[in-house]
Every structure is written in C-alpha cells, then in structure tokens.
Amino acid sequence: MVSAVRHLGPNWYASVMGTAAVATAGAGLPLHLPGLRTACTAVWALSLALLVTLLGARALHWTHHRDQARAHLLDPATAPFYGCLAMALSAVGGGAVTVGRDWIGVGAAVALDAVLFTAGTVVGLAAAVAVPYLMAVRHRIEPSQATPVWLLPLVAPMVSAALGPLLVPHLPPGQAQETLLLACFAMFGLSLLATLLMLPLVFARLVAGGPLPLALTPTLFLVLGPLGQSTTAVGMFAEVAPGVVAAPYGQAFGILAVLYGVPVLGFALLWFGLATAHVLRARRHGMGFAMTWWAFTFPVGTCVTGAAAMARHTGLVVYDGLAVGLYLVLVAAWAVATVCTARGLLNGALLAGPRTAPAAPRPVTGRTTSGAAH
C-alpha cells in the first residue's frame, strides 16, 4: 500500500469534486423525478467515502514519500492541483447540507459542512497565494507552458464563495451572518480578479501556440469552473442577502445575480463549444484516457448550478432546459471517467510512475509568420 501511493498526486481530488458535483447539481435541478434526490444523496455519500480514502492515501504519500511530495510542489504542472484539495473539501461539505442531511440529519450535516468548509477555505486561500508564489520564484515557466490547470488554485476561493452561503442561515442573526456572507463576497472578488489575470495567458497560449498536448486537452473545460461557479455564487448571494445585509445592499445582490450571471453564463457556453471542438479533434488524433478527463465533470457541474440559479432569478424556462441538458452531459462524463478510473486502478496503470518520453521528437504544427497553420 505504501509503495502504491508514491505517485498519487493531488490531481486525484478531482474525482471527489466531480462526484460531489453530480450530487449537488442534481439536487438543484428544476425537476422532481422519483428517486432523483435519493440517487443524489447516494452519490454524495460516495464522494464522502472517496474524500476520506484519498485523505488517508495522501497522508501516507506525505509520510513515506516526502521526496515525491516535494517534487510535486516544485513541478509547475502538478503544484496547481493543490487547489483541488480545497475544492474537494468544500464540495463535499456543501453536499452534506444540500442532500446529505436526508441521511445524517440537519445537525450533523451542518457540523460536517462547517468543518469541511473551514478547512477547504483555509487550504484554498493558502493555495491561491502559495502556488502563484512558487510559480514566480521557484518554477521555471515559459509562456508556451500555460494551461488551464494554472486556474485551479485561483478558483478554490470561488468554490468557498459559492458554498459558504449555505451556512449563513445556521449562524446567529446579525454580525455572524453578515460577516460570513461578505467574506464569501470578498472571496468571490479575489478569485474573479485573479482569474481575469490568468485567463488571458491561457487563451494567448492556445491561439499563438496551437492546440494543447492530447492528454491536456480536457483541461480546457477547467475554464468553465470560475465561470459557472461565479454565476452560482452571485445567485446564492441574492438568495441569502435579504434580511442579512441592510437595504439597499440586500436587494442589490438580486440585481447583480442577473446582470452578472447572464453574460458570464453566455461566455461559458461559448467556451464550452470551443473546448468541445478541441476535445473532438484530440480524440481523432488518438487522445486516450487520463485523469485529466475528470475536468469534464466538476466544471460542467458548476454551469449546471449556475444555469439553475439563473432560472430561479429570471423565471425563464430556457435556463431550466439548459440546466437539465448540461446535467445529462455531467452524468455521462462522470460515468465514463469513473469506469475508466476504476479500470486504471485495477490494472495499476494510473498509479504507475511516469513513463519515459520517446526519443523521437513529437510532430508539431508548423506556422507561417502570419500565424496561419500549414
């Protein structure tokens, strides 16, 4: 067991995030299908079990393979995934209040969420500072290396911002409720502004440098994370703020939800189309399964909850349909990623060390001086 976890990186927390997203997104759908909520609760329980298992495995990794753990922190391709730990903690905690309460009771659900939300927020804020710091002073990075993975530590506070309002009604009225709500709003701002700084680097790399390597192509879906999660967050603020924040600010959150959420969700759909086109191209060129396929899950889940929030605040049926359609995509992606991950665990391929790169150079797409491919 100890040797098996040597190459178990922080990217594995993405499986917890994706599983929790299936549960919470399903519970918020504008549907009342028999058995849907029970199924979502069962999936949440699975995400909790996965989180506990991974926390134990990662503890073994840090205890017995400290050299490899340090190498992960100093690797610019791996270090950003430490944001996944924060998001996994917060996502499972939020799921406890959303659906887990049906099985464990409201009191236990709130207590579990409080612990996981606090831990996830602390880790997320630390990652949002530490990873960019390491990128600046320790990692050796070229602009051509920019990928959507760089967004992960910056999105973690946005997940806390979107899920923190679930705890507001369970706090004493007054200072406690308003402090938590405005703290979530502050995390919304810091994550959004940090994302706006990083995203142009990713897009410039994509346009000027050509398609990402095949194994990294699914990470294009990670861009949907801050878009969908921020839309979800403003929707949550609008639902909680009245009565917590003094007028007229409480009502202003409702205006912000629509004026921000509608255009951002529109851009998310544009990026969804762009990312899908790149993935289809990568599949034609032989892209096989890798743990990056979990990027198809949690980010899409945030768009489901974002669309559901817009449906509640605008009353438009089109957003109901969008939420349901995206949820079907989420469930299909989660099922495929789960089956492929289980298969990779059973045959040992996913826990094996990195393979040696081939000696022959990889073919690249040539470009003229004007930037056109040939």
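A salt bridge here is a side-chain nitrogen of Lys or Arg within 4 Å of a carboxyl oxygen of Asp or Glu. The model used in these exercises is predicted.

**Exercise 1.** State how many salt bridges a search of the whole structure finds, and place the pair formed by Asp67.

Solution.
- The search of the whole structure gives three salt bridges.
- In one of them Asp67 pairs with Arg6, with the closest N and O atoms 2.9 Å apart.
- Asp67 belongs to helix 3 (residues 66-73) and Arg6 to the segment before helix 1 (13-27), so this pair ties together parts 61 residues apart in sequence.
- Asp67 has 48% relative accessibility and counts as partly exposed; Arg6, at 25%, is also partly exposed.

**Exercise 2.** Determine which parts of the chain the salt bridge of Arg312 and Glu239 links.

Solution.
- The N to O distance between the two side chains is 2.8 Å, and the cut-off is 4 Å.
- Arg312 sits in helix 10 and Glu239 in helix 8 (residues 224-240), 73 residues apart.
- Arg312 is partly exposed at 46%, and Glu239 is partly exposed at 38%.

**Exercise 3.** Decide whether helix 10 and helix 11 are roughly parallel or roughly antiparallel to each other.

Solution.
- The axes of helix 10 (residues 298-314) and helix 11 (residues 317-346) come within 8 Å and cross at roughly 165 degrees.
- Angles over 145 degrees count as roughly antiparallel, and helix 10 and helix 11 are therefore roughly antiparallel.
- Their crossing is left-handed.
- Residues making the contact include Val304 and Ala308 of helix 10 and Leu322 and Leu326 of helix 11.
- By class, this contact has 14 nonpolar, two polar and one charged residues.

Methods. Residues are numbered from 1 along each chain as its sequence is written. This is a predicted model: local features need pLDDT of at least 70, side-chain atom pairs count only at pLDDT 80 or more; totals for chains, interfaces and linings use all residues. Side-chain values use heavy atoms; hydrogens and water are left out. Axes are lines fitted to C-alpha atoms, for helices over the stretch in contact, and angles run from 0 to 180 degrees between N-to-C directions. Helices (H or I, at least four residues) and strands (E, at least two) are DSSP runs, numbered from the N terminus. Angles under 35 degrees count as roughly parallel, over 145 as roughly antiparallel, 65 to 115 as roughly perpendicular and the rest as oblique. A crossing is left-handed if the near helix is turned anticlockwise from the far one by less than a right angle, and right-handed if clockwise. Contact means heavy atoms within 4.5 Å. Ala, Val, Leu, Ile, Met, Phe, Trp, Tyr, Cys and Pro count as nonpolar, Asp, Glu, Lys and Arg as charged, and the others, Gly among them, as polar. Buried means under 20% relative accessible area, exposed over 50%, partly exposed in between (1.4 Å probe, protein chains only).
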